[in-house]
Amino acid sequence: MDVPQGFDPTLILVLNLAGTFVFGLSGGLAAVRANLDLFGVVVLAAVVGLAGGITRDVLIGTQPATFRDWRYLAAAAAAGMVCFFAGRRLDRAERGIMVFDALGLGLFAVTGATKALQFGLGPVQAILLGAITGVGGGMLRDVLLRQIPTVLREGLYAIPALLGATVLVVAQRAGSTNPLFPILGAVGCIVVRLSGLKYGINVPTPPGDRPDRKP
């Protein structure tokens, strides 16, 4: 399992499953808003909860952890079922879900980068794979719903993931095994993500009128 050095594997497993469930909620809610059926809601929840880690493992060249531990699939499926039966109520608590989503983003960015380093990849590749672990599911969700991925058009999402992964990679490449650095990486990612949500901070867009905006 992709566990940062100095951490209890059981704790990381619990946090990973929680992150999978929360990411699954965001996918399931998107499916409910799109009026998909039960199967579609569960599938989209699984896509968001699992696709980032699967993509990372495929790029590394190892069997995805999702297929080696049934609990990841169960967490994603449970998120889909919760959204199907209580999606309208969860919509009212979307702000709370976004907070948990930020927590999952920070955790997955750090553990994703850790796994890349454990398989001998370079620092740049590890940072990129850490970010992919965090944002990959959301990107695939938007593609399936025929939308431009949110990560490419609004909000701070990929940048916080890159930041969190960078803190972890720099520390480990410097030879540090202090668990403080994975925590700093995850917290930095979470704080930047939540700040972007609260204050509406976005990455700059090209100057001038947008092509689809009429004068």
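Here is a chat about how the labels on this predicted model are earned.

Me: What should I know about this model before we start?
Reply: It's a predicted model, where local features need pLDDT of at least 70, side-chain atom pairs count only at pLDDT 80 or more, and totals for chains, interfaces and linings use all residues. Residues are numbered from 1 along each chain as its sequence is written, and side-chain values use heavy atoms, with hydrogens and water left out.

Me: How many helices and strands are there in the chain?
Reply: Eight helices and zero strands. Here helices are DSSP runs of H or I with at least four residues, strands are runs of E with at least two, and both are numbered from the N terminus.

Me: Why is the chain called as compact as a globular protein of that length?
Reply: The radius of gyration is taken over C-alpha atoms, and the globule rule is 2.2 Å times the number of residues to the power 0.38. For 215 residues the rule gives 17 Å, and the chain's own value is 17 Å, so it counts as that compact.

Me: Why does Phe 85 count as exposed?
Reply: Exposed means over 50% relative accessible area, buried means under 20%, and partly exposed is in between (1.4 Å probe, protein chains only). Phe 85 has 61% relative accessibility, so it counts as exposed.

Me: What makes the nonpolar surface patch?
Reply: Leu 38, Met 81, Phe 84 and Phe 85 make it, and it covers about 380 Å². Patch residues need over 30% relative accessible area and no salt bridge; nonpolar side chains (Val, Leu, Ile, Met, Phe, Trp, Tyr) are joined within 5 Å, like charges within 9 Å. The areas come from the Shrake-Rupley method with a 1.4 Å probe, and for residues only the protein chains shown count as cover. Helix α3 (residues 70-92) gives the most to this patch, with three residues.

Me: Why does Val 32 count as buried?
Reply: Val 32 is at 10% relative accessibility, so it falls on the buried side. It lies in helix α1 (residues 9-33).

Me: Which residues does Val 32 touch, not counting residues up to four places away in sequence?
Reply: Val 41, Cys 83, Phe 84, Gly 87 and Arg 88. Contact means heavy atoms within 4.5 Å.

Me: How do you know that Asp 57 forms a salt bridge with Arg 56?
Reply: A salt bridge is a side-chain nitrogen of Lys or Arg within 4 Å of a carboxyl oxygen of Asp or Glu. For Asp 57 and Arg 56, the closest N and O atoms are 2.9 Å apart, so the pair fits that cut-off. Both of these residues are buried.

Me: What does the salt bridge between Lys 115 and Asp 57 tie together?
Reply: The closest N and O atoms of Lys 115 and Asp 57 are 3.1 Å apart. Lys 115 lies in helix α4 (residues 94-118) and Asp 57 in helix α2 (residues 38-60), so the pair ties together parts 58 residues apart in sequence. Arg 56, Asp 57 and Lys 115 are linked in a network of salt bridges.

Me: Why do Arg 141 and Asp 142 count as buried?
Reply: Arg 141 has 15% relative accessibility, so it counts as buried, and Asp 142 is buried with a relative accessible area of 2%. These two also form a salt bridge, with the closest N and O atoms 3.0 Å apart.
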